[in-house]
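Reader: I should like a close look at one part of this model, namely its helix packing and the nonpolar core. Please treat the matter as one connected account.

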Amino acid sequence: MPVMAVSKIERFFRLAASLDIDKADIKRYSDFVHQKIYDLLLMGVATAKANDRDVVEPWDLPITKGLQENIRAFRKLDAETGLEDVLEQLAAWPPLEVALADETVVRLPEIAGGLSVCLAQAFNIIDPNVKNPQTVQWERAFRLFNLLL
């Protein structure tokens, strides 16, 4: 990952939740974004297929009220961090059974941003005193997200 992307991610976590992440955490974060976008897309595929469509529309994705609020929070943070261009690369997806509508593709970086805000804030819930999340906090956060998404 380019140095500029790393610094944007580090700045994002500082602004979103007063966290200092290091370069080793960037891989964990990248894996998290990939996996959660894929999980949302899988559910979108199931919804599209259940409605006899071969294209996943934005409304097919299971975006909860909380995630929607964090997407809005991300938009505000993105003005300061410029992270969305990095998320365009991180929000890539593997081939799916159906196509994605252009509008769905355009929304993926913001959805990834909302997930990023959720993740950053989850660390403060898991351990209110954490400043630099360690492996145990990352694992707990992932387990929570796997339960919910």
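Which residues in α3 meet which residues in α5?

Author: In this predicted model, the α3 side of the contact is formed by L67, Q68, N70, I71, A73, F74, R75 and L77. Facing them in α5 are R107, P109, E110, I111, G113, G114, L115, V117, C118 and Q121. Sorted by class, this contact comprises 10 nonpolar, 5 polar and 3 charged residues. As to geometry, the axes of α3 and α5 lie 7 Å apart and make an angle of about 100°. An angle from 65 to 115 degrees counts as roughly perpendicular, so α3 is roughly perpendicular to α5.

Helix α5 also matters to the account of the core. The largest nonpolar core has 45 residues, and those touching the most other members are F13, Y29, I37 and L119. Two or more residues each come from α1 (3-17), α2, α3 (65-81), α4 (84-90), α5 (102-126) and α6, with α5 giving the largest share, 10 residues. Leaving aside residues up to four places away in sequence, F13 touches S18, L19, I21, Y29, L119, A120, F123 and W138.

Y29 and W138 appear again in the contact of α2 with α6, where D25, R28, Y29, F32 and K36 in α2 meet T135, W138, F142, F145 and N146 in α6. By class, that contact has 5 nonpolar, 2 polar and 3 charged residues. The axes of α2 (residues 23-50) and α6 (residues 135-148) come within 12 Å and cross at roughly 5°; α2 and α6 are therefore roughly parallel to each other.

Note on methods
Residues numbered from 1 in each chain as written. Predicted model: local features only at pLDDT ≥ 70, side-chain atom pairs only at ≥ 80, totals over all residues. Heavy atoms only, no water. Axes fitted to C-alpha atoms, helices over the stretch in contact; angles between N-to-C directions. Helix = DSSP H or I, 4+ residues; strand = E, 2+ residues; numbered from the N terminus. Parallel < 35°, antiparallel > 145°, perpendicular 65-115°, else oblique. Contact = heavy atoms within 4.5 Å. Nonpolar A, V, L, I, M, F, W, Y, C, P; charged D, E, K, R; others polar. Core = buried A, V, L, I, M, F, W, Y, C linked by side-chain atoms within 4.5 Å. Buried < 20%, exposed > 50% of the residue type's maximum accessible area, 1.4 Å probe, protein only.
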